[in-house]
Amino acid sequence: MNAPDSPNALAARSELTDLMQRMGSGAKVASAHMVRASAAVKNRALSRLAALLRQNVTALEGANQRDLARARAAGLAGPLLDRLKLSPKDMETVALGCEQLAAMPDVIGEIIGMKEQPSGIRVGQMRVPIGVFGMIYESRPNVTIEAASLAIKSGNACILRGGSEAIESNKALAALVQQALLDAGLPADAVQLVPTTDREAVGRLIAMPQYVDVIIPRGGKGLIERISREAKVPVIKHLDGNCHVYVDDPCDIAMAVRVADNAKTQKYSPCNASEGLLVARGVAAHFLPEIGAIYAAKGVEMRCDAEARAILAGVAGANLQPVSEQDWYEEYLAPIISIKVVAGIDEAIAHINQYSSHHTDAILTRDHMHAQQFLREVDSASVMVNASTRFADGFEFGLGAEIGISTDKFHARGPVGIEGLTSLKYVVLGNGEVRT
């Protein structure tokens, strides 16, 4: 029999419930103001936020350093520390994202597909905000600004719950967001950050359908599986980023080496870094020693099938390991890559569709028909030809920012920007028509 909760535990639970109810209620009220906000007002808030980010770099770095110091003391692993860092370059990137969003057309209220029916009525669809979204994310504090800026531009309200390891950074960033909202004449409750690191706050947030219209988790597979399992509101999700680069026959070897290097080593921790390398047998003897030498120099462990391992055996300093069946499924987020020699494009596509997480996959080829086949048949949210998987990003796609990458097929897929945070409702325009 379970022991009863202590009075202190009961009081803390009641206090947390009250907090989340207040935040939910505040977000719902704010969303009604946001849906009425003009494009000019929303853009003013975004421009003001960009200015505040640039003006407060030193203070934001200080908050981030406190998070990093605490994370190091707790033994946080290297890739996770990398995700936690908020550099001046990162701050400039999110500031530019705010400005890019401000410069984009406002899609709210846009009517599409208007057609006159035989009855005389005209029927179309209007793009409208979702309402209130909850965002649950780990490590990356820049997500606070990306989520907030997209909420503002799309006319939504949001409740943000960042990882406990980034609490100081997130609080500092959220304060700037609320200042920008107030300066533009918008309600501060349009963007709220859950101020506690209590994990129970997540359980409350995902179980408030009366306030929250959709939940967007962004983090490790365990977090997203838990949210998807327990949420009482719809979830936009992706579980992991097992991305692939396929080097086709024929291809430009020099370009293929450059892109395969960038896709893996430009940064190891993002979900769009390549984890698998597939090489057509016709170019493997030429391509693999070149990319192998680069990976060896950068300390990348190569987990290879027998054919790839035999070709790479002569590469000085190469860390070659036999590949396991589980490796084909892995999102390493580390200097490790699985490598397989395939007969050609058909085997490559079959491998990707079986093992990938359907996030982002790329083909490097000179064959137009192969490129078109890859685009049609690879079942992933982003499919690329002759480009690094690292481009699978809302900012790089011209969305201004992204709320996350969705590998769902409903309601949004790929980088989720403004349109992914909207819905369509039918509108009917008539002139006194009645149904007979």
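**Exercise 1. Helix 10**

Determine how far helix 10 is enclosed by the rest of the structure in this predicted model.

Solution. Step 1: locate the helix, which runs over residues 253-265 and has 13 residues. Step 2: check its length. At 1.5 Å a residue the expected span is 18 Å, and the end C-alpha atoms lie 18 Å apart, which agrees. Step 3: list the buried residues, taking buried as under 20% relative accessible area. They are Ile 253, Met 255, Ala 256, Val 257, Val 259, Ala 260, Asp 261, Ala 263, Lys 264 and Thr 265. Step 4: draw the conclusion. Because 10 of the 13 residues are buried, helix 10 is largely enclosed by the rest of the structure. Step 5: identify the cover, which includes strand 7 (243-247), strand 8, helix 11 (281-297), strand 11 (336-342) and strand 12 (360-364).

**Exercise 2. Ala 280**

Decide whether Ala 280 is buried or exposed, and find what it touches.

Solution. Step 1: place the residue; Ala 280 belongs to strand 8, residues 274-280. Step 2: apply the cut-off. Buried means under 20% relative accessible area, and Ala 280 has 1%, so it is buried. Step 3: list the contacts beyond four places in sequence, which are Tyr 246, Val 247, Asp 248, Asp 249 and Val 342. Step 4: compute a distance across the chain. Asp 183 is 97 residues from Ala 280 along the chain, and their C-alpha atoms are separated by 57 Å.

**Exercise 3. Nonpolar cores**

Find which residues have the most contacts inside the largest nonpolar core.

Solution. Step 1: take the core as a whole; it has 73 residues. Step 2: pick out those with the most contacts inside it, namely Met 20, Leu 53, Phe 133, Met 135, Ile 215 and Ile 403. Step 3: look at Met 20, which touches Val 194, Ala 201, Arg 204, Leu 205 and Met 208 when residues up to four places away are not counted. Step 4: turn to another core, which lies apart from the largest one and has 41 residues, including Val 245, Ala 260, Leu 288 and Ala 308. As background, nonpolar side chains tend to be buried together in soluble globular proteins.

**Exercise 4. Pockets**

Describe the largest pocket and the second largest pocket by volume and lining.

Solution. Step 1: the largest pocket has a volume of about 1200 Å³. Its lining consists of 46 residues, and the closest to its centre are Arg 140, Lys 267, Pro 270, Arg 390 and Asp 393. Step 2: assign the lining to elements. Helix 4 (78-84), helix 5 (88-103) and helix 6 (142-154) each supply at least two residues, and helix 5 gives the largest share, six residues. Step 3: sort the lining by class, giving 13 nonpolar, 16 polar and 17 charged residues. Step 4: repeat for the second largest pocket, with a volume of about 200 Å³. Of its 13 lining residues, Glu 138, Arg 161, Arg 199, Val 202 and Leu 223 are the closest to its centre. Strand 3 (132-137) and helix 9 (221-230) each supply at least two. The classes are four nonpolar, four polar and five charged.

**Exercise 5. The cavity**

State how many cavities of 30 Å³ or more the structure holds, and which residues line the largest cavity.

Solution. Step 1: the count is one. Step 2: the largest cavity holds about 50 Å³ of space. Step 3: its lining is Ile 216, Pro 217, Arg 218, Ile 236, Lys 237, His 238, Gly 404, Ile 405 and Val 416. Step 4: strand 6 (residues 214-218) gives the most to this lining, three residues. Step 5: by class, the lining of the largest cavity has five nonpolar, two polar and two charged residues.

Notes:
Residues are numbered from 1 along each chain as its sequence is written. This is a predicted model: local features need pLDDT of at least 70, side-chain atom pairs count only at pLDDT 80 or more; totals for chains, interfaces and linings use all residues. Side-chain values use heavy atoms; hydrogens and water are left out. A nonpolar core is a set of buried Ala, Val, Leu, Ile, Met, Phe, Trp, Tyr and Cys residues joined through side-chain atoms within 4.5 Å. Buried means under 20% relative accessible area, exposed over 50%, partly exposed in between (1.4 Å probe, protein chains only). Contact means heavy atoms within 4.5 Å. On a 1 Å grid over the protein atoms alone, a cavity is a set of points where a 1.4 Å probe fits but cannot get out, and a pocket is an open set with protein on both sides within 12 Å along at least five of seven lines; lining residues have an atom within 4 Å of a point. Grid points are joined across faces, edges and corners, and a volume is the space filled by probe spheres set on the points. Helices (H or I, at least four residues) and strands (E, at least two) are DSSP runs, numbered from the N terminus. Ala, Val, Leu, Ile, Met, Phe, Trp, Tyr, Cys and Pro count as nonpolar, Asp, Glu, Lys and Arg as charged, and the others, Gly among them, as polar. The expected span of a helix is 1.5 Å times one less than its number of residues.
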